[in-house]
Amino acid sequence: MNYIRKPFGYEPILKKEDLNRKTEKKKGPRASDWKSTLLRIWKIVDEQRILLITVFFMVVISSILSLTGPLLIGIIIDEYILKSQFQGMAPMIIVLIGVYIILSISLFLQNYWMIGISQTTIFKMRTGLFNHLMKLPVSFFDKRQHGELMSRATNDIETVSATLNTSFIQVFSSLLTLIGTVIVMIYLSPLLTVLTMLIIPLMFMAMRWTTKRTGKLFKEQQAAVGALNGMIEETISGQTIVKAFSQEERVIEEFREKNARLRRTGFWALTYSGFIPKVMNFLNNISFSIVAGIGGILAFNGLVTIGVIVIFTEYARQFTRPLNDLANQINTVLSAIAGAERVFSIMEETKDIDEGKLPDNTQLKGEVEFKDVHFKYDLSEDQETLKGISFHVNPGQTVALVGATGAGKTTIMQLIARFYDVESGEILFDGKDVRDLKRETLRSQMAFVLQDPFLFEASVYENIRYGKLDATDEEIVEACKKANAHEFIMKLPKGYDTILASDGSEISHGQKQLLSIARALVANPVILLLDEATSSIDTVTEVKIQQALELLMEGRTSFVIAHRLNTIRYADLVFVMHQGELVESGSQEELIEFGGIYSKMLEQKDSFRE
Amino acid sequence: MKTVFSYVKPYWLSALIAFILMLIELMIELVQPLIIAKIIDEGIVVNDFSSIQFWGIVLVILAIVALLSGIINSYFAAHVAHSFGFDLRNALFSRIQAFTMATYLKFPTSGLITRLTNDVTQVQNVLFMSLRILVRAPLAAFLSLVMAFIINPKIALFLFIGAPIVVGFLYFMVKKGITYFAQVQWRLDRVNRVLQECLQAIRLVKAYMRNQYESSRFQQVADSLRLDTTKALRIMELIMPVLLLIMNVSLLAVIWFGSNEVHAGNAQVGELVAIINYSMRVTGNFTMFAFIIIAIARAKASSDRMKEVLIVDEGGLEEQSDKKETKINSSINEIGTVRFENVSFTYPNSELQVLSNISFEVKRGEKLAIMGETGAGKTTLLNLIPRFYEPSIGNVFVNGRNIIDWSMGELRAMIGFVPQKSLLFTGSISENLKWGKQDALVSEVRISAEQAQIHETVETFPNKYETRVGQKGVNLSGGQKQRLSIARALIRKSRILVLDDSTSALDIKTEGALWEALEDENATMFVVTQKVRTARSMDKILLLHEGKVEAYGTHDELIQISTRYQQIVESQEEQVGEEG
């Protein structure tokens with residue numbers, strides 16, 4: 001008994017409660033409703049309506065021709081072969097050759113165009129997903145594993161792709177055949193037709209029984225694939241750590257667990273969906289027997305002729321075949337829906353709305369003001385990262401943010417760049433609320449050198465050009481010289497045209513930082529944000545680029561986070577942060593005179609100097 | 001070397017059962033028309049009710065048997081397919097885990113991800129189908145042909161006039177298909193790659209408002225994928241119409257020449273009709289046939305890609321720990337020593353020599369600072385100690401023993417490694433710290449966090465050590481990540497500590513406290529640092545310049561002999577003077 005409940009040791013996934021709960025949950029307007037998911041896919045497919053109609057016509061032609069062929073052969077058999085009149089057969093054969101050629105062409109063309117339609121649809125879904133992702137707020141990404149998101153653009157969309165390639169044509173032609181057969185059947189015997197149709201409600205019930213399960217299981221399966229993908233991506237990206245701590249065994253074990261979950265859900269999804277064709281077949285056979293049996297009784301009573309029964313059973317067979325095909329398609333469609341739902345659920349996440357009352361070409365002067373700004377990250381629940389920050393920075397001033405790690409310095413930078421919106425309070429640029437500015441307008445006048453330098457898999461040129469898309473090669477070389485990166489770039493195999501790998505080892509961490517600085521130099525911003533921009537750069541090099549940086553900061557409002565006090569010595573203002581509060585602010589001299597935290601920090605440095 | 005399909009082997013019995021069940025179903029399907037004929041002939045025609053009843057019951061019983069075989073087949077086939085996929089994924093992942101760092105450079109992460117998910121799925125699907133429907137169509141076609149031959153071999157022979165073309169054509173298509181589908185999978189890798197990049201660099205993308213730019217970049221790779229997929233599928237769609245045409249023309253040949261035969265009196269009319277009927281049945285299976293061929297080509301392309309991972313041999317894999325005998329005892333005073341002997345190193349994918357002829361020795365409990373310009377080779381040097389890479393020339397000794405003689409596990413267990421980029425993983429803080437030592441007690445976690453100066457901070461988090469960390473630690477500040485990463489290394493209580501510029505984001509006070517706490521560790525330490533202040537508190541300083549040892553000695557020695565060191569010192573003293 002246990003073996004039936006848990007075949008091969010697979011724990012069952014679906015519970016009675018789960019299956020019944022479905023009806024209650026239906027109320028939500030989410031994409032979890034399969035009808036709306038199908039409708040959304042259909043909308044994209046429908047954008048290519050003309051092609052779709054052409055495909056439909058091709059299906060009609062091929063359906064007709066594939067019926068014509070046997071019909072003509074039937075005529076040949078009846079009229080010529082059986083009558084042994086072999087003269088006059090030649091024209092028929094020539095006609096048939098024509099029919100078969102057109103049949104093959106129409107079959108090819110319908111598939112040819114359908115593949116075009118489906119792949120375009122897939123392309124649109126994929127890029128649509130990506131474009132939407134790129135517009136989601138930063139906070140969205142804080143919570144997600146990269147690999148899990150990637151799985152949606154690949155594995156989930158692939159399920160849709162597989163379905164679109166074949167299902168449409170299948171469904172079309174099945175329906176056509178079905179209609180044709182029913183017409184012939186009614187013509188032959190309405191009574192027997194009704195009898196044959198008796199199994200339809202049964203089929204429907206069987207279908208409902210399975211789809212109720214497979215729909216859920218497919219969803220589970222895609223989620224399991226996503227989780228696995230997430231784990232793979234994260235593990236391989238962090239492979240150094242795995243190796244350093246000899247954790248291979250453990251990650252393999254963790255992988256096995258996630259993999260086992262996929263196996264389990266996959267097993268049940270496949271098993272249940274495997275039932276459909278078999279049950280359909282069974283019902284066919286039964287209806288077959290009914291027709292034969294009742295037909296026999298009818299023939300006994302002389303209501304139908306034997307000939308009708310013989311032909312009718314053949315047609316009943318023909319009738320159930322497209323039904324069978326349709327039932328099979330349901331499986332693929334369901335798995336596609338499961339995949340599409342996961343894609344659409346991302347597309348339903350609210351994106352950053354990039355609107356602002358102020359005109360797009362608003363030119364910033366660089367005045368920045370915080371008014372009692374409170375902020376907390378989604379992940380940190382009720383703990384505020386910033387607790388009422390207020391300050392005012394004039395255009396062109398350089399501000400150094402200092403304080404212990406975790407004091408909220410990076411958060412301030414991220415709020416200035418409007419990666420997040422404030423909880424309460426206001427951030428003003430030139431006296432205007434940041435929320436009235438388009439992000440595009442704001443960030444196009446800003447350059448942000450992030451804590452973790454990142455390079456794309458592209459040439460040095462392209463990586464630097466990221467700061468300003470229309471920068472000339474000369475500008476780039478100039479910026480790299482200023483950032484002290486020119487020398488090492490020239491040592492790369494192809495100089496500026498060397499393709500850098502984001503996870504490669506050709507470039508050191510410090511060199512990546514130099515390139516990030518060059519990127520910011522090219523951007524020529526009004527506001528400059530440097531978050532530990534030089535932390536991995538040796539001090540000799542740092543001194544060299546210091547000049548370039550000072551030059552860069554001149555006339556621009558700059559915010560700098562650095563732990564080495566020498567990097568902040570040229571700041572006009574120093575903000576000392578402590579546990580989310582701005583505890584001291586003022587010029588270097590003022591703060592030293594004040595004798596607070598900042599002056600203590602300097603003393604400490606002195607004490608290290610002995 | 002194992003091929004991909006050898007992973008079906010453990011499930012051969014289940015596969016066989018599924019296969020037999022499928023055959024039973026097929027048989028019943030073939031027998032059915034015969035029984036119907038019986039019902040008509042023996043029952044209805046002669047008005048024999050009992051005969052109708054008997055054959056009717058037989059029919060129903062057979063239908064039930066077919067249903068049961070089908071249902072049970074579902075279980076077995078699904079079991080085989082998913083267990084195969086499960087084992088294959090495990091094997092691939094284990095193999096990937098055994099890669100050396102150099103091998104990773106050959107396989108981009110995105111390509112590995114596609115192989116582990118999408119490629120496995122492709123092959124798994126074909127396997128499932130082969131246990132359910134795959135054999136059916138060819139078998140039905142084959143049986144029909146056999147029947148045709150039994151009836152009249154001479155006429156049936158005409159059915160084969162197209163056979164050589166068919167065989168040649170199919171061979172050609174399968175070969176083409178494999179190439180095209182391999183290309184499709186490779187394009188999928190690219191899509192994965194761009195997506196992964198953008199997710200990793202999401203803040204950069206946002207900071208420069210480059211979502212348009214990235215979108216167009218993604219559009220390009222997605223479009224290439226679209227084009228290649230379309231091309232591959234379209235070409236494969238040729239199979240069915242072409243097969244159909246050849247078969248239909250053969251059929252016409254049968255009719256034409258067959259009727260000639262009949263005319264000449266060499267064959268019966270009935271025979272000809274029967275052969276025509278059977279050949280029409282053959283064509284009915286062609287859709288499925290084409291489908292199978294496409295699936296096979298696709299599965300082959302995917303399994304080839306997986307094979308690339310599975311055949312990575314010893315040169316590309318880290319040695320297994322149990323191979324080495326570990327009994328050689330190092331003498332006590334050698335424990336914790338590290339020695340480089342004429343070490344040169346070039347990354348496998350480049351020609352640039354990153355380290356050249358490095359020699360030095362660090363004694364037990366000694367602390368070595370490594371300094372030098374960015375790109376001087378500091379990180380690379382540290383990467384050689386836990387044997388992430390092998391020196392191109394020269395040797396590295398730990399505890400007086402060449403590291404190639406250590407088992408990988410033992411060697412790395414002696415080392416507490418803190419990388420430059422503090423990589424944390426999705427999970428709780430305590431889970432992350434336990435990477436260093438899986439069975440660490442709560443107290444151990446706490447002590448190492450205290451040493452790394454992060455305990456107090458963790459205590460201020462609402463969920464303390466159970467606070468969730470996002471991927472790569474996104475929700476923590478740079479300094480917090482660094483300290484957690486240090487704590488993760490400290491929890492191992494290793495003999496050798498390797499810190500790769502791991503304190504850059506720490507403020508002076510915290511850093512001072514950290515070094516103080518590390519004093520008690522008594523471990524041999526390698527510290528990459530930019531700060532003279534840190535360096536001079538170490539026992540020795542190794543100054544690298546363009547991959548060579550520029551100077552080696554104590555702070556006081558270096559300041560005498562090395563102008564470069566003097567420059568470094570100056571670069572840091574200058575401003576101190578100004579501040580004062």
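**Contacts, cores and the chain A–chain B side**

User: In this predicted model, which residues is A:Leu401 in contact with, leaving aside its neighbours within four places in sequence?

Analyst: Leaving those neighbours aside, A:Leu401 is in contact with A:Lys409, A:Ile412, A:Phe559, A:Val560, A:Ile561, A:Phe575 and A:Met577. These pairs are called contacts because their C-beta atoms, placed from the backbone, lie within 7 Å.

User: What makes A:Leu401 part of a nonpolar core?

Analyst: A nonpolar core joins buried residues of certain kinds, Leu among them, through C-beta atoms within 7 Å, and a residue is buried if 20 or more other C-beta atoms lie within 10 Å of its own. A:Leu401 belongs to the largest such core, of 262 residues, and is one of those with the most contacts inside it, as are A:Val560 and B:Leu243. Helix α11 of chain A, residues 248-300, supplies the largest share of this core, 19 residues. Apart from it lies another core of 71 residues, including B:Leu382 and B:Leu490.

User: How do you know which element gives the most to the side of chain A that touches chain B?

Analyst: The contact takes 155 residues from chain A and 150 residues from chain B, and on the side of chain A α11(A) gives the most, with 27 residues. By class, that side has 73 nonpolar, 53 polar and 29 charged residues.

User: Where does UniProt place the feature "transmembrane region" in chain A, and what is the chain over residues 50-77, helix or strand?

Analyst: The unreviewed UniProt entry places the feature at residues 50-77, 89-109 and 289-312 of chain A, an annotation that may be inferred rather than shown by experiment. Residues 50-77 of chain A are 100% helix and 0% strand, with end C-alpha atoms 41 Å apart.

Key. Residues are numbered from 1 along each chain as its sequence is written. Chains are lettered from A and ligands numbered from 1 in the order in which they are written. This is a predicted model: local features need pLDDT of at least 70, side-chain atom pairs count only at pLDDT 80 or more; totals for chains, interfaces and linings use all residues. A residue is buried if 20 or more other C-beta atoms lie within 10 Å of its own, exposed if 12 or fewer, and partly exposed in between; C-beta atoms are placed from the backbone. Helices (H or I, at least four residues) and strands (E, at least two) are DSSP runs, numbered from the N terminus. Two residues are in contact if their C-beta atoms, placed from the backbone, lie within 7 Å. Ala, Val, Leu, Ile, Met, Phe, Trp, Tyr, Cys and Pro count as nonpolar, Asp, Glu, Lys and Arg as charged, and the others, Gly among them, as polar.
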